[in-house]
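Q: Could we go through how one reads helix packing, cysteine pairing and surface pockets from a set of coordinates?

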Amino acid sequence: MGKNDIQELIEQTLQIRDCAYAPYSDYPVGALAVTEDGKYFSGCNVENVSYPAGSCAERNAIAAAIAAGNKNFAFIIIAGDLKHPTYPCGICRQVMAEFQIPYVIIVKENKQYEKIALEELLPHSFTAALVKNIRSYK
Ligand SMILES: [Zn+2]
């Protein structure tokens, strides 16, 4: 994927961020999950007055892809605060590990971005393969 394509997707992610429902944190986040076959799925954070009922942009984007029948992800773009880049929370990292999303793109100021491997975000992650190995002992 070329640099211009990435910039277009980043632009799209920033627009998704504008849709965030974040009246409590005032911390809007947009995410774009990109599948291996080049489809895009949007997610933004959706907060709730009962705080734990809220959900993150990343997980909402992944859920949208899953609901449309897509489980093979190329990467996910995350746009929150650009001055202090938004890295995914622990729960989202675990969900990314579930679907083996190879890397994330964190949007920064001035059209800059950072590409980080999931392996770096969540080393030694708890995976389905691990559970299958445990089951094989029985
Ligand atoms: Zn999260």
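The dialogue below takes up these features in turn for this predicted model.

Q: Which residues of helix α3 are buried?
A: In α3, which spans residues 90–98, the buried residues are C92, R93, M96 and A97. Because these residues cover an arc of only 145° around the axis, they lie on the same side of α3.

Q: What covers the buried residues of α3?
A: The cover includes the helices α2 (57–67) and α4 (118–121), together with the strands β3 (73–79) and β4 (103–107).

Q: Where does a positive phi occur just after α3?
A: A positive phi, of about 50°, is found at Q100, just after α3.

Q: How many disulfides are there?
A: A disulfide is counted when two cysteine sulfur atoms lie within 2.5 Å, and by this rule the count is zero. For C44, the closest cysteine sulfur is that of C19, and the 6.0 Å between them is too far for a bond.

Q: Are C44 and C89 buried or partly exposed?
A: C44 is buried, its relative accessible area being 16%, whereas C89, at 29% relative accessibility, counts as partly exposed.

Q: How much space lies in the largest pocket, and which residues lie nearest its centre?
A: The general idea is that rolling a probe the size of a water molecule over the atoms shows where empty space is left. Here the largest pocket holds about 190 Å³ of space, and of the 15 residues that line this pocket, V29, N45, C56, A57 and E58 lie nearest its centre. Sorted by class, the lining of the largest pocket comprises seven nonpolar, five polar and three charged residues.

Conventions. Residues numbered from 1 in each chain as written. Predicted model: local features only at pLDDT ≥ 70, side-chain atom pairs only at ≥ 80, totals over all residues. Heavy atoms only, no water. Buried < 20%, exposed > 50% of the residue type's maximum accessible area, 1.4 Å probe, protein only. Helix = DSSP H or I, 4+ residues; strand = E, 2+ residues; numbered from the N terminus. Arc of directions from axis to C-beta. Contact = heavy atoms within 4.5 Å. 1 Å grid on protein atoms, 1.4 Å probe; cavity = no way out; pocket = protein on both sides within 12 Å on 5 of 7 lines; lining within 4 Å. Points joined across faces, edges and corners; volume = space filled by probe spheres on them. Nonpolar A, V, L, I, M, F, W, Y, C, P; charged D, E, K, R; others polar.
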